Amino acid sequence: MGHNWYERHVLPWLVDIACSVGPVRRQRQKVVPLAQGRVLEIGIGTGLNLEHYDKARIEQIVGLDPGLEMHPRARERSRRTGLDVELVGLPAERLPFEDKSFDTVLVTYALCTIAEPVAALKEMRRVLKPGGQLIFCEHGLAPDASVRRWQARLTPVWTKLAGGCHLDRDIPGLLREAGFRSADIQQTYLPGPRVLAYNYWGTAVAARDVDAGASNTPR
């Protein structure tokens, strides 16, 4: 009962604070405005991305998050920003959408908490239209061996405190394994504790689209 109370009342508040600090907000500002057309936002949480969308580029936003306790804050931010968002309370590993039905999939600071990230990314690839983009911004595995060791040590405890968040996800590796290719991935430490602060961001497309483009190029 205590654990459920923590997840319903304390965790959404903590997530809201941690995910809206200045450096993280600036990361959102870099990627969210790239979204266009029919958008699926994975792990919409409390709706912290909504203020950063370019409304002129958006046809529809579907926000997916199994954490129903986050939805009231997301609805409030939807009203405040004037964006009509359809909220879906299901996990990312089994998306209830048709193949090739979204122009953009956006995922920010959510791959760390998804239980099966490769399965979820494969689903994201499935629902993207040909030529559609995955836009991502995530924290994850650091390049320094000493930081990686601390990430490995702390993750078992951290996941219990932070809603399943893993400190050491290999974001580029997960993208490749799920069949995505990224030509513009960027990475650096943000200000803050180094175990939490290594960030990856950019866009990716399905490898099949890259391969199809290459095969159609005149030689």
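Let me start with the bend in helix α5, which turns by about 50° at Thr 155, and where a proline, Pro 156, follows within four residues. Please keep in mind throughout that we are looking at a predicted model. Helix α5 covers residues 145-161, and although it bends, its 17 residues still reach 24 Å from the first C-alpha to the last, close to the 24 Å expected at 1.5 Å a residue.

Which residues of α5 are buried? They are Val 147, Gln 151, Thr 155 and Thr 159, so the residue at the bend is also one of the buried ones. To read that list, it helps to recall that an α-helix has 3.6 residues a turn, so residues three or four places apart point the same way. What covers the buried residues of α5 includes strand β7, residues 186-189, and helix α7, residues 194-197. After the helix comes Gly 163, whose phi is positive, near 65°.

Now let me step back to the whole chain, which has 8 helices and 8 strands. Of its 219 residues, 47% count as buried, and the chain exposes about 11,000 Å², of which carbon and sulfur atoms supply 54%. If we take the contacts between residues at least 6 apart in sequence, 70% of them join residues at least 24 apart.

Next, please find strand β4, residues 102-108. Why can we call this strand largely enclosed by the rest of the structure? The reason is that 7 of its 7 residues are buried, and the cut-off behind that word is a relative accessible area under 20%.

Strand β4 has partners that we can name. Strand β1, residues 37-42, runs parallel to β4 and is joined to it by 4 bridges, with Leu 40 having Val 105 as its bridge partner in β4. Strand β5, residues 128-139, also pairs with β4 in the parallel sense, over 6 bridges, and here Leu 106 stands opposite Ile 135. Between β4 and β5 the chain crosses through helix α4, residues 117-127, and this β-α-β crossover is right-handed. When you follow any of these strands on the screen, remember that in a regular strand the side chains alternate between the two faces of the sheet.

The helix of that crossover, α4, has its own list of buried residues, namely Pro 117, Val 118, Ala 120, Leu 121, Glu 123, Met 124 and Val 127. These buried residues pack against β1, β4 and β5, and also against α6, residues 171-177, and β6.

One residue of β4 deserves a slower look, and that is Phe 102, which is found in this strand. Is Phe 102 buried or exposed? Its relative accessible area is 0%, so Phe 102 counts as buried. Leaving aside residues up to four places away in sequence, Phe 102 touches Arg 38, Val 39, Leu 40, Val 62, Phe 97, Val 127, Leu 128 and Lys 129. Its C-alpha is separated by 7.6 Å from that of Gly 37, although the two residues lie 65 residues apart along the chain.

On either side of β4 there is a backbone detail to point out. Lys 100, in the loop between β3, residues 85-88, and β4, has a positive phi of about 50° although it is not a glycine. Tyr 109, in the loop between β4 and α4, likewise has a positive phi, near 50°, in a residue other than glycine. Tyr 109 has 12% relative accessibility, so it counts as buried.

Finally, let us turn to strand β8, residues 198-206, where 8 of the 9 residues are buried, so this strand too is largely enclosed by the rest of the structure. Strand β5, which we met as a parallel partner of β4, runs antiparallel to β8 and is joined to it by 6 bridges. Strand β7 pairs with β8 in the antiparallel sense as well, over 4 bridges. Which residue of β8 does His 139 stand opposite? It is Asn 199, and Thr 188 stands opposite Asn 199 as well. Strand β6, residues 180-181, is joined to β8 by 2 bridges and runs antiparallel to it, with Phe 180 standing opposite Ala 206.

Key. Residues numbered from 1 in each chain as written. Predicted model: local features only at pLDDT ≥ 70, side-chain atom pairs only at ≥ 80, totals over all residues. Heavy atoms only, no water. Buried < 20%, exposed > 50% of the residue type's maximum accessible area, 1.4 Å probe, protein only. Pairing = 2+ DSSP bridges. Right-handed = clockwise from strand over helix to strand, strands pointing away. Expected span 1.5 Å × (residues − 1). Bend = angle between axes of the 7 residues up to and from the residue. Contact = heavy atoms within 4.5 Å. Areas by Shrake-Rupley, 256 points an atom, 1.4 Å probe, with all protein chains shown as cover.
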